[in-house]
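Q: I'm new to this structure and would love a close look at a single part of it. Could you walk me through one chain at an easy pace?

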Amino acid sequence: MQDSPPIPSDTAHDGQQHPISLYLKVWGLLFLLSAMSYLVDYMHVQGIVRWTLIVTFMLLKAGLILSIFMHMAWERLSLIYAILVPPLLLLVLVRIMTIEANYAFWTRAIFMGGGG
Amino acid sequence: MAREITNREVIGPTLREISADWSADQEVFRHTHWGKAMMWIFLLSDTFIFSCFLTGYMTMRASAVLPWPNTAEVFALNIGGQDIPLVLIAIMTFALISSSGTMAMAVNFGYRRDRRKTATLMLLTALFGLTFLSMQAFEWSKLIFEEGVRPWYNPMGAPQFGASFFMITGFHGLHVTCGVILLLIIASKVARGHYDRTGDYSAVEIAGLYWHFVDLVWVFIFAFFYLW
């Protein structure tokens with residue numbers, strides 16, 4: 001049984017052989033990360049620390065699922081970039097909508113007496 | 001020139017590999033099983049759908065003037081006379097992660113041509129999925145019948161909470177349901193030896209990609225909707 005993942009190859013789709021222990025390890029890590037993000041809420045961590053921890057655990061979990069479970073770590077770079085680069089556009093949408101949400105909030109607060 | 005050569009070495013074979021793949025105009029993904037490439041592209045489009053929901057949720061929550069309900073209390077369960085915050089969602093998360101684990105192993109055994117183990121693990125995955133769905137049904141009925149939350153109304157504060165909750169978790173639940181059906185179909189084909197005859201177990205991996213994506217989306221929903 002080898003622990004380090006094998007190097008990428010052109011014939012990846014003909015069947016990847018990774019030891020089952022790799023999946024069990026990732027499974028355990030995902031459990032641990034979920035438990036830790038649950039603890040963030042349970043311990044009533046608030047403010048910037050809470051958000052940082054939540055986002056860190058979230059990104060770690062997403063990375064593990066994507067790279068190991070979905071085998072992206074062993075895909076060709078063309079496929080990886082085709083999948084991972086387009087979602088970066090969403091950051092623009094998030095930025096635009098943040099501005100829009102601020103505008104809507106202050107419109108409601110100032111002109112609708114806090115209602116609406 | 002010496003400098004040029006170094007640059008080329010720095011760029012390395014990977015970038016050259018990309019340019020070679022994309023310059024062969026019609027067959028960028030020729031090294032990948034066509035079904036797998038198509039599934040990835042579908043998942044990319046699905047990423048945009050869920051991102052739009054989550055961005056919409058962000059916009060509504062940031063612009064809500066009424067207080068946002070505390071999800072830790074809303075989704076608490078009374079176990080042994082004590083309210084444990086968010087425990088139902090935590091169990092749902094663990095069920096979905098476990099289903100991802102069994103699915104990953106099913107894909108592995110599929111490529112080892114182990115028919116029995118692949119089918120069993122896929123059935124186990126579907127079972128975890130059904131567990132998740134039944135807990136979600138419980139969560140929904142609790143919120144609808146006991147708390148009186150509606151997509152347009154929420155007695156605990158901002159009505160936008162109801163809208164985003166039903167939309168986001170409902171759409172995710174729909175994905176889980178489709179995933180369970182897909183898993184059951186592929187698992188029965190595995191059990192009947194269909195992929196032994198064709199000699200190609202890629203269908204298991206493709207179904208696995210979809211299932212892991214459903215888990216992946218839940219990671220973001222868990223973080224942004226339930227924990228934020």
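What percentage of the 228 residues in chain B do buried residues make up?

A: Happy to help! This is a predicted model, and in chain B buried residues make up 36% of the 228 residues.

Let's start with the overall layout. Chain B holds eight helices and two strands, and along the sequence they follow the pattern α-α-α-β-β-α-α-α-α-α. The radius of gyration of chain B is 22 Å, well over the 17 Å that the globule rule gives for 228 residues, so chain B is more spread out than a compact globule. Along its principal axes, the C-alpha trace spans about 70 × 55 × 30 Å. If you count contacts in chain B between residues at least 6 apart in sequence, 70% of them join residues at least 24 apart.

Now let's follow α6(B), beginning with its packing against α5(B). Helix α5 covers residues 115–146 of chain B and helix α6 covers residues 160–191, and the two pack at an angle of about 160° with their axes 9 Å apart. That angle makes α5(B) roughly antiparallel to α6(B). The crossing of α5(B) past α6(B) is left-handed. To find this contact on screen, look for residues including B:Met122, B:Leu130 and B:Leu133 in α5(B), which face a set in α6(B) that includes B:Val180, B:Leu183 and B:Ala187. The residues of this contact comprise 15 nonpolar, eight polar and one charged.

Next comes α8(B). The axes of α6(B) and α8(B) come within 10 Å and cross at roughly 160°, so these two helices are roughly antiparallel to each other. Here too, α6(B) passes α8(B) in a left-handed crossing. Among the residues making the contact are B:His172, B:His175 and B:Leu182 of α6(B), along with B:Tyr210, B:Trp211 and B:Trp218 of α8(B). By class, the contact of α6(B) with α8(B) has 16 nonpolar, four polar and no charged residues.

Finally, let's turn to the neighbouring chain. In chain B, 45 residues are in contact with 48 residues of chain A. Four helices of chain B, α1 (2–23), α2 (34–63), α4 (87–111) and α8 (202–227), each supply at least two residues of the side that touches chain A. Of these, α2(B) gives the most, with eleven residues. That side of chain B divides into 26 nonpolar, 15 polar and four charged residues. As you explore, notice that α8(B) appears twice in this tour: it contacts α6(B), and it supplies residues to the side of chain B that touches chain A.

Definitions and conventions
Residues are numbered from 1 along each chain as its sequence is written. Chains are lettered from A and ligands numbered from 1 in the order in which they are written. This is a predicted model: local features need pLDDT of at least 70, side-chain atom pairs count only at pLDDT 80 or more; totals for chains, interfaces and linings use all residues. Axes are lines fitted to C-alpha atoms, for helices over the stretch in contact, and angles run from 0 to 180 degrees between N-to-C directions. Angles under 35 degrees count as roughly parallel, over 145 as roughly antiparallel, 65 to 115 as roughly perpendicular and the rest as oblique. A crossing is left-handed if the near helix is turned anticlockwise from the far one by less than a right angle, and right-handed if clockwise. Two residues are in contact if their C-beta atoms, placed from the backbone, lie within 7 Å. Ala, Val, Leu, Ile, Met, Phe, Trp, Tyr, Cys and Pro count as nonpolar, Asp, Glu, Lys and Arg as charged, and the others, Gly among them, as polar. The radius of gyration is taken over C-alpha atoms; the globule rule is 2.2 Å times the number of residues to the power 0.38. A residue is buried if 20 or more other C-beta atoms lie within 10 Å of its own, exposed if 12 or fewer, and partly exposed in between; C-beta atoms are placed from the backbone.
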